[in-house]
Protein chains: 2
Amino acid sequence: MRDEADANLSVAAWTKRCYFAGRALMDATLRPYDLGSTQWYVLWHLAHKGPSVQRDLGGALELERATLSGIIATLVRKDLVEQTSSGEDQRQRLLTLTAAGEALWRKLPDLSFIHEAAFGGVDEAELATTIRVLQSATERLQNLLRKD
Amino acid sequence: MRDEADANLSVAAWTKRCYFAGRALMDATLRPYDLGSTQWYVLWHLAHKGPSVQRDLGGALELERATLSGIIATLVRKDLVEQTSSGEDQRQRLLTLTAAGEALWRKLPDLSFIHEAAFGGVDEAELATTIRVLQSATERLQNLLRKD
DNA sequence: TGACATTCGTTTGCTACCTTGCGATTGTTG
DNA sequence: CAACAATCGCAAGGTAGCAAACGAATGTCA
């Protein structure tokens with residue numbers, strides 16, 4: 001949200017702009033494959049960590065159950081992920097890549113160029129400072145949220 | 001997106017978490033007034049800068065025309081904003097706060113406590129570093145985006 | 001065991017972001 | 001002036017986030 005010259009934007013405004021710029025580049029790269037960024041994270045997790053229970057995946061990706069539920073539904077509709085009632089607990093669903101899902105994953109481009117483009121070559125100390133500032137802000141905000 | 005211990009999250013991950021934490025606190029504060037965060041920004045702009053042409057507001061808030069269109073439609077439905085065909089250019093719409101909009105704006109709590117909670121007391125130099133890192137990352141990402 | 005509480009996933013409905021494509025208007029230029 | 005291009009707002013359709021409420025399955029404890 002810009003209300004002054006670009007140079008005077010607040011930390012908060014730059015945080016938002018940076019987040020959306022990265023998201024946009026990720027989305028643009030994935031568009032030819034008809035994948036959204038969060039869908040990519042799900043595939044990444046299943047490809048690297050193997051089949052997962054939906055609840056655990058939600059924890060790892062920090063998504064609400066309701067949010068993940070919709071994303072998984074989309075991936076199932078596209079036949080990239082299979083959702084089976086995993087034996088033990090009949091409430092839980094086990095998520096597995098389908099053959100089509102594995103095939104697509106192998107075709108996908110490496111996205112690490114995005115992080116590299118954004119932060120490559122930046123002084124290590126400055127990166128560490130940035131992380132510390134953002135982390136402490138996040139924690140303070142979440143504390144305020146919990147107290148309501 | 002978390003795939004390691006919290007302490008090892010990347011800058012990108014903290015940028016996202018921080019953005020969403022701030023957004024969540026803002027949304028929670030505005031919920032009793034039945035307002036979303038972007039709706040608040042629109043009201044803020046109209047209250048402080050006076051009536052605006054929709055196109056200009058989109059520029060100031062960095063929203064696509066289509067995105068703003070929906071948000072304005074919501075505010076019009078709630079009778080907080082009036083949308084008139086501003087004389088000169090018959091394509092443009094002039095946005096004005098209604099009486100109800102002004103009344104609501106006066107009742108809204110001050111949200112500056114959020115920015116204060118997040119970044120208050122942080123060393124000035126560290127804040128400046130954070131802004132510089134995020135700004136340069138944003139610019140580099142946007143350059144890549146434009147080149148596609 | 002039976003009543004109650006909790007957990008997991010889904011559904012519904014909302015905000016907010018995007019792209020694509022359209023109609024209406026306006027600007028430009030041969 | 002007429003044809004073409006550009007601009008503005010809207011509509012449709014998609015992704016991704018949230019809260020609230022619900023059914024089914026499971027856990028707990030009197």
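This passage describes how two protein chains meet each other and a DNA strand in a predicted model. Residues are numbered from 1 along each chain as its sequence is written, with chains lettered from A and ligands numbered from 1 in the order in which they are written. Local features need pLDDT of at least 70, side-chain atom pairs count only at pLDDT 80 or more, and totals for chains, interfaces and linings use all residues, while side-chain values rest on heavy atoms, with hydrogens and water left out.

We can begin with the protein–protein interface. Chain A and chain B each bring 55 residues to the contact (heavy atoms within 4.5 Å). The size of an interface is often given as the accessible area lost when the parts come together. For chain B and chain A the buried area (accessible area, 1.4 Å probe, lost by two parts on being put together and summed over both) is about 5,300 Å², with 68% given by carbon and sulfur atoms. Four salt bridges cross this interface (a side-chain nitrogen of Lys or Arg within 4 Å of a carboxyl oxygen of Asp or Glu). One pairing is that of Arg132(A) with Glu126(B), whose closest N and O atoms are 2.6 Å apart.

Between chain B and chain A, nine residue pairs are in polar contact, both residues at pLDDT 80 or more (N or O atoms within 3.5 Å; within protein, one must be able to donate a hydrogen and the other to accept it, and residues adjacent in sequence count only if both atoms are side-chain atoms). On the side of chain B that touches chain A, the elements giving two or more residues are helices H1 (11–30), H2 (37–49), H3 (54–61), H6 (112–119) and H7 (124–146) of chain B (helices are DSSP runs of H or I, at least four residues, and strands runs of E, at least two, numbered from the N terminus). H7(B) provides the largest share of that side, 16 residues.

Turning to the DNA, 26 residues surround DNA strand C, and those that come nearest are Arg55(A), Arg65(A), Ser37(B), Thr38(B) and Gln90(B) (near means a heavy atom within 4 Å). Sugar and phosphate make up 70% of the atoms of DNA strand C that come within 4 Å of the protein. A polar side-chain atom of Gln54(A) lies 2.9 Å from a phosphate oxygen of DNA strand C, and for a side-chain N or O atom of Ser69(A) the distance to a phosphate oxygen is 2.8 Å. Arg91(B) instead places a side-chain N or O atom 3.2 Å from a base oxygen of the strand.
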